[in-house]
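I opened this notebook to record what I looked up in one model, taking the packing of the interior, a sheet, a loop residue and the cysteines in turn.

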Amino acid sequence: MAIEPLFPVALGRVQLAPDPIEIALQLRAISQLQGDASSNPDPGCAWTGDLNGVWQLQRHPVFSGLVDQLLAHGRSYLQELGFDLGQLAIHIQRCWPVVSGYGQVVGRHHHPNAHLSAVYYLSGDGSGRQGCLRLFPQRQLNELVPGMAVGHGGPLPALTASHPSPNAAPWTTPWVDVAPRAGLLLLFPSGLDHAVLANQDPDDTRFSISLDLVLTAPPVGDGQAPPEYLAPHPSQWQQA
């Protein structure tokens, strides 16, 4: 029997080769922005800049060149999805650092006010010990019976705390984990639920940069109207 994967979620993955000196400068800049803070504020939660006033990292001179590079890959991702970039305006909504010490996590969430999200890792060795990014399907239709994929004695192979059973089928897995690696860029729809697992390496803090993009119509001239399915360009909004 042939089983076809219908309606896949598009996860963009690019392994960059950053300059070690640039990474060192970026890590130092993030540590300075973080200051004495260590969490959000629960000690078990990673420190995230968006909740601490550091949400426009693209304007920081140490990161502006890197963000331009990430945006170029974001445009390529959109083209792969079939978008005509000539009919879009792409905006950086937020850009912020995330720092995860030993045992710290980021809970399951999504970004309802953005369209395209990205994460870029400044550290990580690819082992997953520094805390994987966990991606969840909005609904796993292939479970057939909701809840079966999480185990608890059901007819689908059970899960451990972080990995599917060796006998688990890819059609019913309830999540996908991606291990952080320095220089790795991931892009995915902002509506996709995701979380960050605990950093299990007491000797390695995980540093990453998150980026949220919003798509609108380009500016239009007098007598023209933007497409109904895209928000008008912000330069043509009026604050009430």
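These entries follow the order in which I looked things up, and the model they concern is a predicted one.

**Nonpolar cores**

I began with the largest nonpolar core, which has 29 residues, and I noted Y120 and I209 as those with the most contacts inside it. I then listed the elements that give two or more residues to this core, and found α1 (20–34), α2 (64–80), β3 (89–100), β5 (116–121), β8 (184–189) and β10 (206–216). Among these, α2 gives the most, with six residues.

I next looked up what surrounds I209, leaving aside its neighbours within four places in sequence: I209 is in contact with L57, F63, L66, C95, W96, P97, A118, V119, Y120 and L122. I also recorded a second, separate core of 14 residues, which includes W96, V106, Y121 and V196.

**The open sheet**

I traced four strands that form an open sheet in the order β4-β9-β6-β7, with antiparallel pairing. The edge strands, each pairing on one side only, are β4 (106–109) and β7 (176–178). For the average angle by which neighbouring strands of this sheet are turned against each other, direction ignored, I have 20°. Looking at one pair in detail, I found that β6 (residues 133–135) and β7 are joined in the antiparallel sense over three bridges, and that L133 stands opposite V178 in β7.

**Q130**

I turned to Q130, which is found in the loop between β5 and β6, and asked myself whether Q130 is buried or exposed. Q130 counts as buried, because its relative accessibility is 0% and the cut-off for buried is under 20%. I then checked its side chain for polar partners and found a contact of 3.3 Å with the side chain of D201, as well as one of 3.4 Å with the side chain of D204. Leaving aside neighbours within four places in sequence, I noted that Q130 is in contact with G124, D125, P180, A198, N199, D201, D204 and R206.

**Cysteines**

I searched for disulfides and the count came to zero. For C95, the nearest cysteine sulfur is that of C45, 18 Å away, whereas a disulfide would need the sulfur atoms within 2.5 Å. C95 is buried, with a relative accessible area of 1%. C132 is likewise in no disulfide, and the nearest cysteine sulfur to C132, again that of C45, is 17 Å away. At 13% relative accessibility, C132 also counts as buried.

Key:
Residues numbered from 1 in each chain as written. Predicted model: local features only at pLDDT ≥ 70, side-chain atom pairs only at ≥ 80, totals over all residues. Heavy atoms only, no water. Core = buried A, V, L, I, M, F, W, Y, C linked by side-chain atoms within 4.5 Å. Buried < 20%, exposed > 50% of the residue type's maximum accessible area, 1.4 Å probe, protein only. Contact = heavy atoms within 4.5 Å. Pairing = 2+ DSSP bridges. Axes fitted to C-alpha atoms, helices over the stretch in contact; angles between N-to-C directions. Polar contact = N/O pair within 3.5 Å; in protein donor to acceptor, adjacent residues only side chain to side chain.
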